[in-house]
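The following exercises concern a single chain and its ligand. Each task is followed by a solution that goes step by step.

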Amino acid sequence: MLEVKNLSVNYRGVNALINVSFCLASGLLVGVIGPNGAGKSTMIKAMLGLIPTASGIVKFRGQMLKQQRRYCAYVPQRSQIDWDYPATVWTVVMMARTIHTGWFRSTSRQSEEIVADALRRVGMWELRHRQIGELSGGQQQRVFLARALAQEAEMFFFDEPLAGIDKKTEAIIFDIFSQLKAEGKILLVSSHEWGKSLHHYDRLLLLNQKLIAHGFPEDVMTIENIQHAYGQGLKSQLLHEPGEAMYFC
Ligand SMILES: Nc1ncnc2c1ncn2[C@@H]1O[C@H](COP(=O)(O)OP(=O)(O)OP(=O)(O)O)[C@@H](O)[C@H]1O
């Protein structure tokens, strides 16, 4: 069980996240959605203890989450990663194993097998010797997914993993999300797009500074909630998009 209570973040006196509270059981794929600047990245970073919080506690299995970071795999937005850093695909994924072996110990055979398996699962084994800067956006996202897998975490935090990726990568990502869910992991996935991929999620957290709604997608994606999060303009636009109407009650 993951519990978030009254989580708030201020950036230089400006509220980015206000009293967010929710609980999540294991084995769920959870979408964190909301408009640009809603505080999705801020919430993920605050949960992980990567930024200072104004208030709140985050617990996993009854203990503070930030003291259990080895159980958390975090994939930041692609724009936050230095893709010019000279590292191969293999090296980046192997970095996940240092959490288990420490920086100064040589990698074990077991770690190499785990990294190889992760690279095969995301279809990046053939490109393992490539520099990360030479990959497409979708391939780069798969490398970081492999790194998260190699960490053998209990909880996974993905910040905008679907932004600017190809269909093949999207299919691989959701396939692996399903496998992780079946293994009882908790997955939090932020996205500011909420088209056809929403049906993949077991629960949604709809955010705009505050948590506007959370629960089953069909309960969260009501016209009232969407208007509340995104403002009036979006309503009329979406009512004319039949593919999206399934989420309106
Ligand atoms: N380091 C920072 N210093 C000051 N303000 C920040 C900082 N990081 C984020 N903000 C502000 O906090 C608010 C929430 O930003 P955040 O990046 O968490 O939103 P988001 O929902 O992830 O947006 P996006 O979908 O665009 O990534 C925004 O108004 C943003 O400008």
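A residue is counted as buried if 20 or more other C-beta atoms lie within 10 Å of its own, as exposed if 12 or fewer do, and as partly exposed in between. The model treated here is predicted.

**Exercise 1. Helix α1 and the ligand**

Determine how many residues of α1 are buried, and state what α1 gives to the shell around the ligand.

Solution.
Step 1. Helix α1 covers residues 40-47. Of its 8 residues, 7 are buried, and the helix is thus mostly covered.
Step 2. The buried positions are K40, S41, T42, M43, I44, A46 and M47.
Step 3. The ligand is surrounded by Y11, A16, G34, N36, G37, A38, G39, K40, S41, T42 and H192. With 3 residues, α1 gives the most to this shell.
Step 4. By residue class, the shell divides into 3 nonpolar, 7 polar and 1 charged.
Step 5. After α1 comes G49, which has a positive phi near 75°.

**Exercise 2. Helix α5 and the nonpolar core**

Which helix supplies the largest share of the largest nonpolar core, and what covers the buried residues of α5?

Solution.
Step 1. The largest nonpolar core has 67 residues, and M43, V93, A118, L145, A146 and F156 have the most contacts inside it. Its largest share, 7 residues, comes from helix α5, residues 137-150.
Step 2. In α5, 12 of the 14 residues are buried; among them are V143, F144, L145 and A146.
Step 3. The elements covering these buried residues include β6 (72-75), α2 (89-94), α4 (109-121), β7 (155-159) and α6 (167-182).
Step 4. At the level of one residue, L145 touches V75, V122, I173 and I176, when residues up to four places away in sequence are not counted.
Step 5. From its first C-alpha to its last, α5 reaches 20 Å, close to the 20 Å expected at 1.5 Å a residue. E152, with a positive phi near 50°, follows the helix.

**Exercise 3. The open sheet and S21**

Give the strand order of the open sheet of 4 strands, and decide whether S21 is buried, partly exposed or exposed.

Solution.
Step 1. The order is β2-β1-β4-β5, with antiparallel pairing. Strands β2 and β5 (63-64) stand at the edges; each has a single partner strand, so one side of each is left without a neighbour in the sheet.
Step 2. Within the sheet, β1 (residues 2-11) and β4 (residues 55-60) run antiparallel and are joined by 5 bridges. K5 stands opposite I57 in β4.
Step 3. S21 is found in strand β2, residues 14-24. Because 13 other C-beta atoms lie within 10 Å, S21 is partly exposed.
Step 4. Leaving aside neighbours within four places in sequence, S21 is in contact with V4, K5, N6 and L211. The C-alpha atoms of S21 and E3 are separated by 7.6 Å, although the two residues are 18 residues apart along the chain.

**Exercise 4. A hairpin**

Describe the pairing of β9 with β10 and the turn between them.

Solution.
Step 1. Strand β9 (residues 203-208) pairs with strand β10 (residues 210-215) in the antiparallel sense, over 5 bridges.
Step 2. L205 stands opposite H214 in β10.
Step 3. The two strands form a hairpin with 1 residue between them; in the turn, Q209 has a positive phi of about 65°.

Conventions:
Residues numbered from 1 in each chain as written. Predicted model: local features only at pLDDT ≥ 70, side-chain atom pairs only at ≥ 80, totals over all residues. Near = placed C-beta within 6 Å. Nonpolar A, V, L, I, M, F, W, Y, C, P; charged D, E, K, R; others polar. Pairing = 2+ DSSP bridges. Core = buried A, V, L, I, M, F, W, Y, C linked by C-beta atoms within 7 Å. Contact = placed C-beta atoms within 7 Å. Expected span 1.5 Å × (residues − 1).
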